[in-house]
Amino acid sequence: SEQVLANNAGITAVSLGGAATFGTVTVNGAYVKSLASESDAAKAADVDLTEPSIYSLGAKVQATPELELGFAYRAADRDLEDDSMKTSTSAQAQYQINKAWNIHVGFGVGDDEIKTNRQLDSNVYAQLWYQASESRSVRFEFEEADYGSDGKSTISVVSMRQSF
């Protein structure tokens, strides 16, 4: 018969987050930590459970009523002995062109300490949003992620949203 190593003792997590605004600047942060309890089957099989965690820090500045600038840093700790961090950093801008048109552009980079995993050299993204009516919007989205020697991924989407 096949042995199943289920964590039937339960998995829980703790999280903490917050944001504060100082005039035109808002800063935020969050932390999530997984807390795993070993089941009897995992203890008998001598399986090590990991307790990964995620950290994020961000900020935005309302430079003008139409222009918002932002920054974000995220890190995931896999809770392995070595090479357990995966990070990303991004900067973005959002500009309200007029009542109907809004543009959002950004740039990001990332790193994985496990060098055999894909490495994010850069990520460029943009979204043009058209508010056709009070209940309908159309979005044009583009993203290109460059993974260095592992190649590039390009995504483009046109979508419509209708509220009822």
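How many residues does the hairpin that joins β5 to β6 run through? The hairpin passes from β5 to β6 through 4 residues, and the tour comes to that place after a view of the whole chain.

**Before selecting anything**

The model is predicted, so local features are given only at pLDDT of at least 70 and side-chain atom pairs only at pLDDT 80 or more, whereas totals for chains, interfaces and linings use all residues. Residues are numbered from 1 along each chain as its sequence is written, and side-chain values use heavy atoms, with hydrogens and water left out.

**The whole chain**

Colour the protein by secondary structure: there are 1 helix and 9 strands, helices (H or I, at least four residues) and strands (E, at least two) being DSSP runs numbered from the N terminus. The order of elements from the N terminus is β-β-α-β-β-β-β-β-β-β. Of the 164 residues in the protein, 16% are buried, where buried means under 20% relative accessible area, exposed means over 50%, and partly exposed lies in between (1.4 Å probe, protein chains only).

**Strands β4, β5 and β6**

Select residues 67–77, which are β4, together with residues 85–96, which are β5; these strands pair in the antiparallel sense over 11 bridges, pairing being assigned if DSSP finds at least two bridges between two strands. To find the register, pick A72, whose bridge partner in β5 is S90. Then add β6, residues 101–112, which runs antiparallel to β5 and is joined to β5 by 11 bridges. On this side the residue to pick is T89, with V109 as its bridge partner in β6.

**A negative patch**

Next select E81, D82, D83 and E113, which form a negative surface patch. A patch is made of residues with over 30% relative accessible area and no salt bridge, with like charges joined within 9 Å and nonpolar side chains (Val, Leu, Ile, Met, Phe, Trp, Tyr) within 5 Å. Lys and Arg count as positive and Asp and Glu as negative, while His and the chain ends are not counted; each charge is placed at NZ of Lys, CZ of Arg, CG of Asp or CD of Glu. Accessible areas come from the Shrake-Rupley method with a 1.4 Å probe, and for residues only the protein chains shown count as cover. Centre on E81, which lies in the loop between β4 and β5 and counts as exposed because its relative accessible area is 81%.

**Salt bridges**

With side chains displayed, 4 salt bridges can be counted, each a side-chain nitrogen of Lys or Arg within 4 Å of a carboxyl oxygen of Asp or Glu. Including the following, they can be visited one by one:

- K60 and E68 meet at 3.6 Å, N to O; K60 is partly exposed at 35% relative accessibility, and E68 is partly exposed at 24%.
- D111 and K115 have their closest N and O atoms 2.8 Å apart; D111 is partly exposed at 33%, whereas K115 is exposed at 56%.
- K152 and E144 meet at 3.9 Å, N to O; K152 is exposed at 55%, whereas E144 is partly exposed at 28%.

**Last stop: Y31 and R74**

Finally select Y31, which lies in strand β2, residues 25–36, and which counts as partly exposed because its relative accessibility is 30%. Add R74 and draw the C-alpha to C-alpha distance, which is 9.9 Å for two residues that are 43 residues apart in sequence.
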